[in-house]
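Student: Hey, can we go through the aromatic rings in this one together? I'd like to see how they sit.

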Number of protein chains: 4
Amino acid sequence: VTIRAHILGASGYAGGELIRLLTRHPDAGLATVESASCAGEEVGAVFPELRRIGLRFDGAGAVAANVRAGDAVFCAGTHGAARAAAPALLAAGAKVIDLSDDFRLAERAEAGGTVAVYGLPERYRAQIASARLVANPGCYPTATLLALLPLAEFAGAIEALVIDAKSGITGAGRTPSASSLFAEVDEDVRPYGLTGHRHEPEIAQELAAAGLSAPFTFTPQVVPLRRGMLVCAYAVMRAPAGEDAVRAAYRRAYGGSPFVRLLDGPPSLRAVAWSNDAEIRVSVHGQTVRVLSAIDNLGKGAAGQAVQNFNLMYGLAEERGLQASRGEIRT
Amino acid sequence: VTIRAHILGASGYAGGELIRLLTRHPDAGLATVESASCAGEEVGAVFPELRRIGLRFDGAGAVAANVRAGDAVFCAGTHGAARAAAPALLAAGAKVIDLSDDFRLAERAEAGGTVAVYGLPERYRAQIASARLVANPGCYPTATLLALLPLAEFAGAIEALVIDAKSGITGAGRTPSASSLFAEVDEDVRPYGLTGHRHEPEIAQELAAAGLSAPFTFTPQVVPLRRGMLVCAYAVMRAPAGEDAVRAAYRRAYGGSPFVRLLDGPPSLRAVAWSNDAEIRVSVHGQTVRVLSAIDNLGKGAAGQAVQNFNLMYGLAEERGLQASRGEIRT
Amino acid sequence: VTIRAHILGASGYAGGELIRLLTRHPDAGLATVESASCAGEEVGAVFPELRRIGLRFDGAGAVAANVRAGDAVFCAGTHGAARAAAPALLAAGAKVIDLSDDFRLAERAEAGGTVAVYGLPERYRAQIASARLVANPGCYPTATLLALLPLAEFAGAIEALVIDAKSGITGAGRTPSASSLFAEVDEDVRPYGLTGHRHEPEIAQELAAAGLSAPFTFTPQVVPLRRGMLVCAYAVMRAPAGEDAVRAAYRRAYGGSPFVRLLDGPPSLRAVAWSNDAEIRVSVHGQTVRVLSAIDNLGKGAAGQAVQNFNLMYGLAEERGLQASRGEIRT
Amino acid sequence: VTIRAHILGASGYAGGELIRLLTRHPDAGLATVESASCAGEEVGAVFPELRRIGLRFDGAGAVAANVRAGDAVFCAGTHGAARAAAPALLAAGAKVIDLSDDFRLAERAEAGGTVAVYGLPERYRAQIASARLVANPGCYPTATLLALLPLAEFAGAIEALVIDAKSGITGAGRTPSASSLFAEVDEDVRPYGLTGHRHEPEIAQELAAAGLSAPFTFTPQVVPLRRGMLVCAYAVMRAPAGEDAVRAAYRRAYGGSPFVRLLDGPPSLRAVAWSNDAEIRVSVHGQTVRVLSAIDNLGKGAAGQAVQNFNLMYGLAEERGLQASRGEIRT
C-alpha cells in the first residue's frame, strides 16, 4: 500500500531533495508539495535536476486541506513553521517529520501533547519506530554525533572534544543573503558562528544524553561547494587510548546501520553526495582520537535522514527508497 | 535474459559512468571492467561515487579472455585502442560500442570487415538497431548535431553556421595534464583548439550527410565545472526565417526521441547532469536562428548515449536503464 | 596636485574595485566612500581584499556635503541613482563618471544641461578628455565593442553578427538574489536575458554609430567564476574576408591603446582579472570573422575603465594608476 | 642599489609568485628565471597573470652561469634540487633562500659548511638577518606556527594540540597528477596524509624548539580553491585558560610583525590571497584555546615569506616590495 506523503516548505533545498527522494520511493506517493512563495510554479523551474518529474508547487494551505489520517507530513520550511503546523496535523492523524529545529531540544520537544523523538536512527531506532512526531537532526549534529557517539564508553577519560566542521553552502538555505552569493563563497573557507552557533545546544544535549559530557569546541566553516559536510572530531583523552578498543566500539555501534560506512582510507564528500550514506574513519594518535565523518548535508544531514525516519515510522525496511545514490545499485 | 556487458578502458571518466549505468541496468550484467592502469584496485577508490557497488578493476586482457558470442563490449579507452581490439571481439560474436573516435569517420569506419554505424540514435535509430559495431559520437558533435540537424530543411538558405561550445573539464579525460589541473581551470573560461579541433571533421561529416553544407566556425571552450556541455549554435540565413516553421521542424525531429526536451526557457547543465537528457531551445532573431543545446558530456555525450545505443542494438526499449537521473522517477 | 575623488554607492562590487584602484592612484585622494546600506562599517568587513586600507563607509549624503569644484565623483550605485545625483554635482563644479546605464543612451544622455560622453576611450578618447559627465560603458558592451568596432571598415559586407558572451557572477552585483547564490551558479553555465537584455540597446547604439548596422544576436551567459568576461563575437560576411586586411584593421585600431593586447593565442580571463586590460584575438574562417575578447567585468568592464576615463578627463596619462595588475610591473 | 635576484625552478606555482613579487620589488632586479622544463617559453604563457611582464624562462644552468657574489638565489624547484645546487651558489658568494624542505630539519640543515636558518621571521628575525642560507618554511608549518607559538608560555598546561588544516590546491604544485585535476578537487574536501604528512617533522621541530612539546594531531585537507590556507589549531589545556592572558600573549608576539593581523572577527582567505599577510583570531573556550590562522599558501606560505626573508637578509625594511596585495595601498 502506498503511503501518502506531503511536504510543507517544499521549495527550499531540503524540500527539493525530499521531492526527489519521495518521488522515487516505492512505498510513498507524493500528495502535496506546498510552497507559499512558489505556488503554481513548475518544480523543475526551481530545481533543474527535477525537470523530468513534471510537478507544480501547491500553494499555502494545501497540506492542511489535503491531509488524512495515516499520512506522512514532512515539514521542511523555516524554523518556527512546524511548531505552528504540527498540532493540527497530528490531530488529523498524520505522522510528522520536522526538518527544522523546532522540536529538537528536549525542553520544547512537544506539540499538542505529542512528544517528539530525536530522529537519529543510529541511536534511537526503536523510539523512532513508534513515534508520531520526529525531530530530524540538524546537519552539523548528525555528522558530529555519528562521529562521537561510539566514544561514549570512553567518556570518563575524555578531557575535551574538538569539532571542526566544514559545510557546503546549501546548508545555508535558498533564501538569498549576501553571505551565500557565489562571489562571496568562492575561493574562501569561511569560519562563522564563532561566538555560538544555533546547532550547539542540540549537539550538547545529545552528547550529554550519551554520557559524553566533556566540553567541546565547535568551529563551523563554509567551504565552496554545493553539497557535503566533513566533520573532523577530536577527543583528547587524559591517557593514550587503545586503537583496537576504539575501532571495536565503532564496529559495534554501526554493525547494524546500513548507511554508515567505516573506512580505512579518507572519507569523501563526493562518495556521499546525493545519498543517505555516512563515511567514517577513526584513528588513534596517542592521547587523541580523531574521527572524520562525511555526509551530504541535504542527504543524511536532512532529507535522506527524514526518509530513513519515515521508513522506520511506517515499519518499512530502513533502506527503502534510499539505496540509490548517483552511483546507485539496483534494489 | 541478462546481456553480458564488458568495459575496456574502464578507469577513465566515461568508463566510470558506464560502470554506474550498467550496474543498475535491468537487462545488463557487468561481466568485465578492464583497466590496465588500475588492475586490482577498488572501483570506489577511483570513483568515490561508486563505492557502494563493490567492484574491482580487471587487468589487461580480461575482456578478451571473457567475451562470448552475443555479449556487448564498450570500448572506453584512449583513441586507437578500439581499432586494435574490435576485430577479435567482433569475430568472437560480440557487439561493439566504441566511445573513442576510431570509427566515427566514414573513411575509416571499418573493423575486420564490419562497418561501423554512427551512433546518434536521434538520426540513425534504425541503422543502429541492426549494427554490430557502433561508433558512439563525441560530446561536441552530439550537442552540436542535436542543435543543428533539424535545420536541414532550411539548408539552402543558410549562409554560415557558428558553433560556440562550452565543456566541463571531464571532457578532457582523467589522464593528468597541466591544462586540466584545478588551479588552471578554476576562475577561467578557456578557448582552445582554435586552429582546428579533433571533433571538427566529425561535425563536418554529419552536417554534410544531412545536407547542411554551409561553412561552420567552431569554438570549443573549457568552463570551470565537472560535467556538462552547452553548445550555442547559430545559423545565419540569407533572409529572415519563419519562427513557426523552424519550431515545427524541431518538434517533428524530436517527437519520438525520449531524451530530447524542447524548452521555451533556457537549458540548464544541472538539469541534464548525470542523465542521458538533452535540453534544446530554438529561437529566431531576424536572419539568425539560435539554438541552445545542453547535455552532460559524460551522459548523452558519452556513456549515456552508449547505453542508449546498446538498448537499440539489443532490441530493448530505448530508455531502458536510463530514465533515472539524479532527479529520477520510478521506472 | 591630488584630485579629490568621491564614490557614490561604494559598497557594490564596482564600488569596491573603485576603492581599491583609487586608494593606490598616485594622483587621486579618496575623499568620500558613500554607502547608504553600509554606513559606518569597515570597508574591509565588506571587501576582505581591502582590509589593509583601513577605511569606513560614509553615510547617505556624504558626497553631496563634501564635494567641491574640480572634484571627481564616481557614481557606482544602482541604475537611477546617478540621474538623481548628477545635476547637483555638476552644478557644484565636479566632474562625474557614472558607472550605471543612466546616461549611456543618446536619447537620455543629459543631466542638468550637460551632455554625457560615452566613456569608451578606445573610441572616444578626445571627447572624454573634455567631458564633464562620462557614461561609463557596461561590461558586455565594452567587451563586445572592443571586439567588433575595428570591423567597421568591412561593415558593408557583413550579413549578421553573433555575440556569445560569458560573464562572471560579480556582473550581477552584490544585491542578494536567488540566481546569484553559490548553490545556483556552481556547476552550471546559464544563458539568460534570451528575449532581450538590458545591454542590447547600448550595443546597438554604438555599433550603429560606427557604421556596423548589421543585425546581431546576443547571448549572455553566467559562468561559475567571480571576475571575468569572455565575448566570442562572429561576423558572418557575404564573401570570404582577407585575414591580412582584418588583422591590419585591429592593429590600426589599437596601436595607441595601452590596455588592449592583440594575441595570436587564446585570451585568458585570469590574464585580465584585477586589471584594466583587454585581450583580443581575431581570426578569419572563410566568410566568418571570429573575435575573442576577454576583460575583467569589474576592471575594463567597470571600475578600471572608469579610472581610465578619470585620467583622460583630468589630463593624466591614460595608464596612470592602472598599470599594476596582480602581476604588476613597477611604474 | 639593486640586488640581483635569480630563481631556480621558476615555472612552479611558487616560482611564478616569486617572479610576480620580485618584478615589482623596488630593490631587486630579476636576473635569471631558470626552468628546465619551460626553457625559452614566455612566462606569460605559463602564468597568464604575468603576461604584462614580458619575460622568457631561461634554461637549465642559467643561474649557475649568471650568479655573482652578493646576488640572491631563490630555490623554488622540487625537493632535492636545492641540496644539489646550494653549495656552489654559496661558494660563489650568493645568498640562498630555499623554498623546498631540503634544509628545514636541523639534522640536515647544512650545505657546504653553511648552516641554514629556519626562515620564519616572526620567530627568527635576528638570525635571518645575518644568514647566508635560509630554509623557507612550508605552508602548513607557517600557518600552524603562527597560530601556536605565542602559546609557548602556557606550554606546561597543554594536554594536547589539534591542527586541522585546509589548503588550496596550488599547494600541491603544478606537476600534473590525478589528485590535482579539477574534476577530482571540485565539490570535495579531501583529507590526506592521514598516516603521516611530510610537514609533520618540521612542525614538531619548531613547536619543540619553542617549548611546545605536547603531542599534536595534524589533519591536512584539500579544499576546492586555488590559493589560501586556513589552519584551525586547538590547544586543550588541563585547566581553563585566562582569555585576557592568552590574548595578551598574542599581542606581545606580533606587536612588531607587520604582516600578522590579529582579528576579533573571522579570518578570510580572500583577505590574505595574493599577499604576505596572515590573519589570526584567538579565543578561549573553557579549557580549549582555539586559534584560526589564514595565509596564502603561495604568499606567506611560500614566495611572500621568501621575499620577506630576502628583505631581512639584505638589511631592507621587512615590508619592502610586499605591502601591495591585490587591495594594495601605495608605498
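**Aromatic rings**

Tutor: Sure, and keep in mind that this is a predicted model. Let's start with Tyr118(B), which is buried, with a relative accessible area of 6%.

Student: And Tyr124(B), what does that one count as?

Tutor: Tyr124(B) counts as buried too, at 13% relative accessibility, because the cut-off for buried is under 20%.

Student: How many aromatic pairs are there over all chains?

Tutor: The count comes to 18. One of them is Phe182(A) with Phe182(C), a stacked pair with 4.8 Å from centre to centre and 10 degrees between the planes.

Student: Where do those two Phe residues lie?

Tutor: Phe182(A) is in helix H7 (residues 182-185) of chain A, and Phe182(C) is in helix H7 (residues 182-185) of chain C, so this pair joins two chains.

Student: Buried or exposed, what's Phe182(A)?

Tutor: Phe182(A) counts as buried, at 2% relative accessibility. Phe182(C) counts as buried as well, at 1%.

Student: Back to the Tyr residues: why is the pair of Tyr118(B) and Tyr124(B) edge-to-face?

Tutor: Their planes are at 85 degrees, so the pair is edge-to-face; the ring centres are 6.3 Å apart.

Student: New topic: which residues form a cluster with Phe74(A)?

Tutor: Phe310(A) and Tyr314(A) join Phe74(A) in one aromatic cluster.

Student: What sits over the ring of Tyr314(A)?

Tutor: The charged end of Lys95(A) does, 4.6 Å from the ring centre. In chain D, Lys95(D) lies over the face of Tyr314(D), at 4.6 Å from the centre of that ring.

Key: Residues numbered from 1 in each chain as written. Chains lettered and ligands numbered in written order. Predicted model: local features only at pLDDT ≥ 70, side-chain atom pairs only at ≥ 80, totals over all residues. Heavy atoms only, no water. Phe/Tyr/Trp six-rings, centres within 6.5 Å; stacked < 30°, edge-to-face > 60°. Helix = DSSP H or I, 4+ residues; strand = E, 2+ residues; numbered from the N terminus. Buried < 20%, exposed > 50% of the residue type's maximum accessible area, 1.4 Å probe, protein only. Lys NZ or Arg CZ within 6 Å of the ring centre and 35° of its normal.
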